[in-house]
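Colleague: Could you take a close look at how one pair of helices packs together, and take me through it with the terms explained as you go?

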Amino acid sequence: MNGRLNRRDFIRAASVVSVGAVMGSDVWAQSADRPNILWVTSEDNGPALGCYGDAFADTPNIDSIAAKGMIYERAWSAAPVCAPARTTIISGVYPPSMGAEHMRSQVNMPAFMKMYPQFLREAGYYCTNNSKEDYNLAKPGKVWDDSSNKGHWRNRKPGQPFFAIFNFTTTHESQIRKRPHKPVHDPAKVSVPAYHPDTPEVRQDWAQYYDKITEMDAQVGGILKQLKADGLDNDTIIFYYGDHGPGMPRCKRWPYNSGLRVPMVVHFPEKHKHLAPPEYKAGGISKRLVSFVDLAPTLLSIVGVKPPEWMQGRAFAGKHVAEAPQYLFGFRGRMDERYDMVRTVTDGRYVYLRQYMPHKIYGQHVAYMFETPTTLKWKELYDEGKLNAGQRRFWEKKPPEELYDLQTDPDEVNNLAAAPEHRAVLLRLREAQQQWVREIRDVGFLPEDEIHSRSVGTTPYEMGHDAKKYPMDKIMATAELASMLEPDAVPKLVEAMGDSDSAVRYWGAMGILMRERPGVQTAREALVKAMKEDSSGSVRAIAAQALSQYGTDADAAQALDVLVELASVEKNSVFVAMLAAIALDEMGERTHPAKDRIAALPQKARKAPPRTGEYIGRLLQKIVADME
């Protein structure tokens, strides 16, 4: 993985990609034995499959692929939600490296990058996607031959090799909560994870999840029948995988193993076993760590194209198999209308989470998540004080670091970060996480508004590799100082608020906010100045939030005026407006004097990425509803 390309490297990488693609096309054009490749994907489900040892599951078709193929026991999506997960797949690059980590953001790729179907099409493949895309990236020209609900290998030219995706939404979050539904899987026999309360509502959601997996499995079987009917089953490499963990709260949207682990089943027919992973055998189980960032380079490797240096994953099959990684990485950014920043790493046994915004609770109010019966009942029981310690945590603030042992605690409820006997593991995984974010030049340390404003005339990826535009070391150092919650850090955080770089000032203000009333009282003068004078709307919003929650009544009144002004998408970017609206939501009763002004704010941003413009409305509607 190469995360530190300078401009000369950009040019060299671009030329290598172009030459490699052409060479790959020439080689394969002379071969009659090019493999077809079929990807069958499903949404919002973990490895709740018979082939993974889940006796409650009913999945004969996927199990049949595994019986003649191989499963990956330790496969991770890079993100626990669809758009950034799919962004990772289509690019072969971690979204935080490209400014694409946030849900339904949209950024441009550098000119030298391509999406993987473009490489395959150059190599002579007919590429179809049926049909979800949902990338946080603008498509760099024509990507697919057909991306629609009519996409199919049957539409290719005679004899042309194909790459075809069939994506099933049957298991999506929206389907496991759809009522009325008569359970097929018995809710009484569901295994409820330790973080969820054991209630009829939770059991029904989990049982319906298994019902939907069975329905999805039948759809997979339909595609396999079509492949066999066309006489292509012996010529086609098959991948099946889910796009992230289950669509249940604390799984989906959360970068625990429960949200990142996915099923991945592969089958290489006899004709193409020379392209299979080295450990491949029928009915086998691979222990190799694999990630969504590995899928694009693996595809290129299978069709004979050497993956370009800028791709950050490692091919695990084909002619260019790379060494297995020691770690897998995941992340969490903005989830719909709520900001957060989490980075995750696993070595296959231990999972380490770094919470860069520990002042926020896990279960922030994401409107879409609160449509699920489990979410509503879980929060209700928390408010009534009826949960145990493992179940309560989702509704409370987070520690800066978490460490879990999947061998002894598969539900990840016993945080070992403070355990002396696990100190060495913590330090090793912390170092791996920090090395990773530096290597990929993670631009998620910038407020979202500045990911875009600093990239004018270029792309977030290229901006992130420019030390002048993105002085990552000092920004990251301030974020680390802010979020580790050491109480004696306030003087340094106040000093950071005077820095020439707005992202350093942002984390300085954020760190003081995290220290609540004691920090705000000590840093009041710096916060007031930032709230009134800072050139960055993001810094003003966080400074105002600190004063609105933990300052005097007079401070809160001034902050309320500033936040209402910043929450207008007619005057500010949608990203600054969301920061301000979140702050208003967290003020509580101190927002009441501005009820009418908040209700009158615009509820949709006209200048915003697709679907992002509607998030401000969700925040404002909740704020007003809570004041009724």
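Modeller: What follows is a description of one helix pair, with a short look at the nonpolar core afterwards. This is a predicted model, in which local features need pLDDT of at least 70, side-chain atom pairs count only at pLDDT 80 or more, and totals for chains, interfaces and linings use all residues. Residues are numbered from 1 along each chain as its sequence is written, and side-chain values use heavy atoms, with hydrogens and water left out.

Helix H19 covers residues 524-533 and helix H21 residues 553-566, helices being DSSP runs of H or I with at least four residues, numbered from the N terminus. Their axes, lines fitted to C-alpha atoms over the stretch in contact, with angles running from 0 to 180 degrees between N-to-C directions, lie 11 Å apart at an angle of about 25°. H19 and H21 are therefore roughly parallel to each other, a term for angles under 35 degrees. In the contact, meaning heavy atoms within 4.5 Å, Arg 524, Met 531 and Lys 532 of H19 meet Asp 555, Gln 558, Ala 559 and Val 562 of H21. These residues divide into three nonpolar, one polar and three charged; Asp, Glu, Lys and Arg count as charged, Ala, Val, Leu, Ile, Met, Phe, Trp, Tyr, Cys and Pro as nonpolar, and the others, Gly among them, as polar.

Turning to another helix, Thr 478 sits in H15, residues 472-483, and is buried with a relative accessible area of 9%, where buried means under 20% with a 1.4 Å probe and protein chains only. Leaving aside neighbours within four places in sequence, Thr 478 contacts Ala 496, Val 504, Trp 507 and Gly 508. Trp 507 is also among the residues that touch the most other members of the largest nonpolar core, which has 209 residues, such a core being a set of buried Ala, Val, Leu, Ile, Met, Phe, Trp, Tyr and Cys residues joined through side-chain atoms within 4.5 Å.

Definitions and conventions: Helices (H or I, at least four residues) and strands (E, at least two) are DSSP runs, numbered from the N terminus. Angles under 35 degrees count as roughly parallel, over 145 as roughly antiparallel, 65 to 115 as roughly perpendicular and the rest as oblique. Buried means under 20% relative accessible area, exposed over 50%, partly exposed in between (1.4 Å probe, protein chains only).
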